[in-house]
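Morning, everyone. I'll keep this short: a metal site, then a pocket. Have a look at the screen.

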Amino acid sequence: MKIDCVIGIDIGGTNIRIGHTDENGKLADFERVSTKEKFKNGNIEESMTIILKEYLDKYCQQYNVRQIAIGIPATLSADREEILQVPNIKGMDHMFLGRTLEKNLGIPVALGKDVNMLYFWDYHEKNLAEEGIGIGVYIGTGIGNAIFINGQPLTGKDGVAGELGHIPMIGGTGKCGCGNVACSECYASGWHLVEIKDRYFPETDMGELFTKHWDEPVLKEFVDNIACVASTEMNILNPDSVIFGGGVINMKDFPKKYLQEKMYEHLRKPYPAESLDIQYSEDKVENGVKGAIIYAGKLLKNREK
Ligand SMILES: [Zn+2]
C-alpha cells in the first residue's frame, strides 16, 4: 500500500527547493534546482509541471501525494489563487500557477507567500502556541513580514497585508524598487546594507561587515532602522512574540543585543516593551520547504475534517 505524503516547494530568485514527507512526517528527498536554468524557456507553468513530474517519478513512486504547497517571493491575491507581483522572477505576474499545476498533475496545489512558509516552520520549530498574534520579521535582500493570527496568516483585503518593507519613513528620500519614495526597505534591508558596504567599506567582505566595523555610526544607524521598523509593527499589534530571521540577521556578529536595546527604546512602555518575546530563527536552506510542508499538512487535515 502507498504511503500518504505532502510536498513542499520554495521558489526563490536563485533556486527552487522541493521536498516531501516520509512515513514519519519528516522531510525527505530535499532537492534544489536552479531557477534561471529551469525557467529559461519563459513558460513557467510548463517548466514547473516538468520539474514536479520528474520529482514525482524519481522520489514519490511508493507515495500517494495528497497535497502540494508552494511558497513564492511574491504578493498574492487574498484567495491565494493569483500571483500578483514577483519582483525577482520574470514572467510570473498574474499567473494562476496553483490551478494549472493542479490540472496538470491531478494533485491539490496551494500557493502562499514565502515569508509565511518560513513562519510556519519557525513557530513550529520554536513550539510557539498558535493562539494569539505571532510576527516574523525577515531581513534579507528586502524586508519580509509574516503576521499570524491564531495560526493563520493575515492576508488583508487584497492579499498584501504585512508589507512592512514599504511603510514610509518620515523625512526619507530613498527610492524604493516598488516605485515609492522613502520606503523602509531603503533604510533597513539587505540591499541597503550592500549600498552601505560599497560606499563606506568597499575593501571589506560583506560577511565581515559587522565583525570589522560595528563601531561605525553608519552601521549602528542601520540596526536602529531595523528596530524602528519592527517596533512600529509591535506597537500596533502587541504580538505574543516576534521572530527575527533572514540573511542579514544571521550575518556573523550581527548585533542582536543592540537591536533589542533599540527595540526597547522605541516600544511603548510598559507594554509591549516589557512583555515582548523576541526570538531568532536560523537561516537554513530547507526552512521554506519545511514550512510549506507544514502548510500542506494543515490544508490536508482541514479537508479531511
Ligand atoms: Zn517600497
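A definition before we start. A donor here is an N, O or S atom within 2.8 Å of the metal, with a limit of 3.2 Å for Na, K and Ca. Water is not among the atoms, so a site may look incomplete. And remember, this is a predicted model.

Now the metal. Which residues coordinate the zinc ion? One histidine and three cysteines: H166 through ND1, and C176, C178 and C183 through SG. The distances run from 2.0 to 2.4 Å. Along the chain, the spacing of the donors reads H-x9-C-x1-C-x4-C.

Next, geometry. The angles between the four donor atoms span 105 to 117°, so the arrangement is tetrahedral. For reference, the ideal angle for four tetrahedral donors is 109.5 degrees.

Are C176 and C183 buried or exposed? The cut-off for buried is under 20% relative accessible area. C176 has 9% relative accessibility, so it counts as buried. C183 has 1%, so C183 is buried as well.

On to the pocket. I mean the second largest one, with about 400 Å³ of space. It is lined by 17 residues. Closest to the centre are T21, G25, K26, I293 and I294. Three elements each give two or more residues to this lining: β1 (3–11), α4 (114–125) and α10 (287–304). Which element gives the largest share? That is α10, with five residues.

Last, the chemistry of that lining. Eight residues are nonpolar, four are polar and five are charged.

That's my part. Over to you.

Conventions:
Residues numbered from 1 in each chain as written. Predicted model: local features only at pLDDT ≥ 70, side-chain atom pairs only at ≥ 80, totals over all residues. Heavy atoms only, no water. Tetrahedral: all angles 85-135°; square planar, octahedral: opposite > 155°, others 65-115°. Buried < 20%, exposed > 50% of the residue type's maximum accessible area, 1.4 Å probe, protein only. 1 Å grid on protein atoms, 1.4 Å probe; cavity = no way out; pocket = protein on both sides within 12 Å on 5 of 7 lines; lining within 4 Å. Points joined across faces, edges and corners; volume = space filled by probe spheres on them. Helix = DSSP H or I, 4+ residues; strand = E, 2+ residues; numbered from the N terminus. Nonpolar A, V, L, I, M, F, W, Y, C, P; charged D, E, K, R; others polar.
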